[in-house]
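Student: Could you walk me through this structure? I have not seen it before.

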Amino acid sequence: MSVGPFTKRLTAAHGKAGLSIKEMAIWFDDMSESVMRTWLLGRTPQAYRRPLAEKALGFLEQELQSKKAQLPLAGSLRQGDRHRHVSDIRKRYR
């Protein structure tokens, strides 16, 4: 099975951002971890989720390309702090 452009962009951003699947799910408006995992494995978002998924992915790509990017996060942050930090960064892109 070949992966589509969404999956290629998503996996590239996931690797560059250094986020866990849970943190990716938070970035994608608190999507479930199981859905995020299937997207990373090559499944394309369903039609009704596609526009929001594309928008969130675009915001993640913008953050990663920004000169003031706050991703990837420091490895020393505790899990709860990481989740809060991802959420705070994402709020700037609403």
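Student: Let me begin with Arg 92: how accessible is it?

Tutor: Arg 92 is partly exposed, with a relative accessible area of 47%; buried means under 20%, exposed over 50% and partly exposed in between, with a 1.4 Å probe and protein chains only. Please note that this is a predicted model, in which local features need pLDDT of at least 70 and side-chain atom pairs pLDDT 80 or more, while totals for chains, interfaces and linings use all residues. Residues are numbered from 1 along each chain as its sequence is written, and side-chain values use heavy atoms, without hydrogens and water.

Student: Which residue forms a salt bridge with Arg 92?

Tutor: Its partner is Glu 63, with the closest N and O atoms 2.7 Å apart. A salt bridge here is a side-chain nitrogen of Lys or Arg within 4 Å of a carboxyl oxygen of Asp or Glu.

Student: Where do the two lie?

Tutor: Glu 63 is in helix α4 and Arg 92 in the segment after α5, so the pair ties together parts 29 residues apart in sequence. Helices are DSSP runs (H or I, at least four residues), numbered from the N terminus.

Student: And Glu 63, buried or exposed?

Tutor: Glu 63 is buried, at a relative accessible area of 0%.

Student: How many salt bridges are there in the whole structure?

Tutor: There are nine. One of them joins Arg 82 and Glu 23 at 2.7 Å, N to O. Arg 82 belongs to helix α5 and Glu 23 to helix α2, 59 residues apart. Arg 82 is buried at 12% relative accessible area, and Glu 23 is buried at 3%.

Student: Changing topic, how many aromatic pairs are there?

Tutor: The structure holds four. Rings of Phe, Tyr and Trp (its six-membered ring) pair if their centres lie within 6.5 Å; planes under 30 degrees apart count as stacked, over 60 as edge-to-face and the rest as tilted.

Student: Why is the pair of Phe 6 and Trp 39 edge-to-face?

Tutor: The ring planes stand at 85 degrees, with the centres 5.8 Å apart, so the pair counts as edge-to-face. Phe 6 lies in helix α1 and Trp 39 in helix α3, so the pair ties together parts 33 residues apart in sequence.

Student: Which residues form one aromatic cluster?

Tutor: They are Phe 6, Phe 28 and Trp 39. Phe 28 and Trp 39 also make an edge-to-face pair, 5.9 Å centre to centre with 75 degrees between the planes. Phe 28 is buried at 3% relative accessible area.
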